[in-house]
Amino acid sequence: MQDILLIALFAFLGAASAGLLGALALRLLRHRSLTVTMTVVAAVAVLAMLAGTLAVAWEMFLSPHDLTVVTIVVAMAAVVSLATALLLGRWVVARSNALTLAARSFGDGGSFAAPPEPVSAELAALTRELESTSAKLAESRERERALERSRRELVAWISHDLRTPLAGLRAMSEALEDGVAAEPDRYLRQIRTEVERLNSMVGDLFELSRIHAGALALSPSRISVYDLVGDALAGVDPLAREHRVHLVGDSVEAVPVEVDSKEMSRVLGNLLINAIRRTPADGTVAVAAERSPDGVVLSVTDGCGGIPEEDLSRVFDTGWRGSQSRTPPAGAGLGLAIVRGIVEAHQGRAAVRNVAGGCCFEVTLPTARA
């Protein structure tokens with residue numbers, strides 16, 4: 001038993017010496033290629049075995065012939081191990097380089113294409129992650145391009161919509177100042193109308209900027225959808241009378257929701273105003289509210305004649321107005337963008353679809369907790 005312990009001790013000391021040298025080599029070469037690292041690891045394993053074997057052989061006083069045989073056997077094992085480590089290292093490095101070249105396409109604004117060569121399980125997992133990241137980046141770039149297009153359109157439309165009333169205000173104020181206005185009272189009423197329109201536009205811009213900046217502070221409270229719809233219909237009734245549009249709100253259930261009543265009133269007001277202005281005289285704008293598996297669905301149906309299918313996905317984009325018109329009452333295309341922002345801030349969603357003779361805007365909100 002004592003001999004076995006001595007043999008184990010000498011073998012451990014020899015192997016430990018080789019292990020320490022290998023650890024030092026790995027530290028010095030830690031920034032080198034994976035091939036070098038794998039070669040060092042294989043060399044350490046062989047040297048540890050050789051050092052332990054030689055230490056035991058010397059202690060056991062083997063004959064020179066036997067010692068030579070043991071040394072040759074270990075040396076052959078070292079050659080095979082090192083060659084295998086080199087081949088494996090070169091294979092892994094080649095696959096890593098191919099993956100690196102494929103990943104460079106991210107910086108060029110392209111998409112990631114996985115190398116066709118087979119790779120290890122770890123590199124395959126990394127490849128899948130890069131493919132997933134590539135898809136997410138592509139979606140992000142598309143959203144960024146769409147947002148940039150919307151911003152350019154918004155700047156162009158806002159510039160025109162501001163220039164037109166400002167030019168009118170300037171002309172009317174000069175006429176009043178020079179005393180050449182035939183009907184001063186009419187000019188003053190028109191000036192007030194234009195100022196109110198400009199104030200409304202600036203208010204929409206401020207609201208949209210708060211939404212985009214994530215600074216929209218909500219104060220939710222429990223309220224019935226029936227009350228929300230009733231207040232919104234009462235608020236737009238004068239506009240509906242002016243445009244000779246019939247308002248219908250018979251299909252509204254008294255479902256409780258937890259929302260910011262001020263902001264949700266703005267949502268319904270924007271949808272109703274938009275529907276009234278685009279519905280022909282003697283047409284109908286219908287409001288409905290009902291439970292659904294996803295929550296509470298508020299819908300506003302108008303008689304605008306429908307929206308082209310290619311434009312349905314852009315209806316809630318900032319600056320979208322559905323036509324190339326640049327004159328009132330088209331507005332600046334902010335109302336529906338504000339609707340989507342407020343609804344999403346309430347953890348809901350806004351959608352639109354065509355129906356017979358018009359379109360239906362739907363707002364889905366979570367139901368109030370019991």
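Start by selecting residues 324-330: this is a predicted model, and pLDDT stays under 50 over that stretch. The model still gives those residues nine contacts beyond four places in sequence, so treat the picture there as a low-confidence one, with pLDDT being the predictor's confidence in each residue.

Now colour the whole protein by pLDDT. The mean is 78, with 79% of residues at 70 or more. Click on helix α1, residues 2-28, where confidence is lowest, at a mean of 67. Then jump to strand β7, residues 358-365, where the mean is highest, at 92.

While you're on β7, show the cysteine side chains. Cys-359 is buried, because its relative accessibility is just 1%. Draw a distance from its sulfur to the closest cysteine sulfur, which belongs to Cys-304: you'll get 3.4 Å, too far for a bond, since a disulfide needs the two sulfur atoms within 2.5 Å. Cys-360 is in no disulfide either; its nearest cysteine sulfur is that of Cys-359, 7.9 Å away. Cys-360 counts as buried too, at 4% relative accessibility. The disulfide count comes to zero.

Next stop: helix α5, residues 184-212. Put a ruler between its end C-alpha atoms and you'll read 42 Å, which agrees with the 42 Å that 29 residues should span at 1.5 Å a residue. Now show side chains for the buried positions in α5: Ile-191, Glu-194, Leu-198, Met-201, Asp-204, Glu-207, Leu-208 and Ile-211. As you look down the axis, keep in mind that an α-helix has 3.6 residues a turn, so residues three or four places apart point the same way.

Finish just past the end of α5 at Gly-214, which takes a positive phi of about 70 degrees.

Terms used:
Residues are numbered from 1 along each chain as its sequence is written. This is a predicted model: local features need pLDDT of at least 70, side-chain atom pairs count only at pLDDT 80 or more; totals for chains, interfaces and linings use all residues. Side-chain values use heavy atoms; hydrogens and water are left out. pLDDT is the predictor's confidence in each residue, from 0 to 100. Helices (H or I, at least four residues) and strands (E, at least two) are DSSP runs, numbered from the N terminus. Contact means heavy atoms within 4.5 Å. The expected span of a helix is 1.5 Å times one less than its number of residues. Buried means under 20% relative accessible area, exposed over 50%, partly exposed in between (1.4 Å probe, protein chains only).
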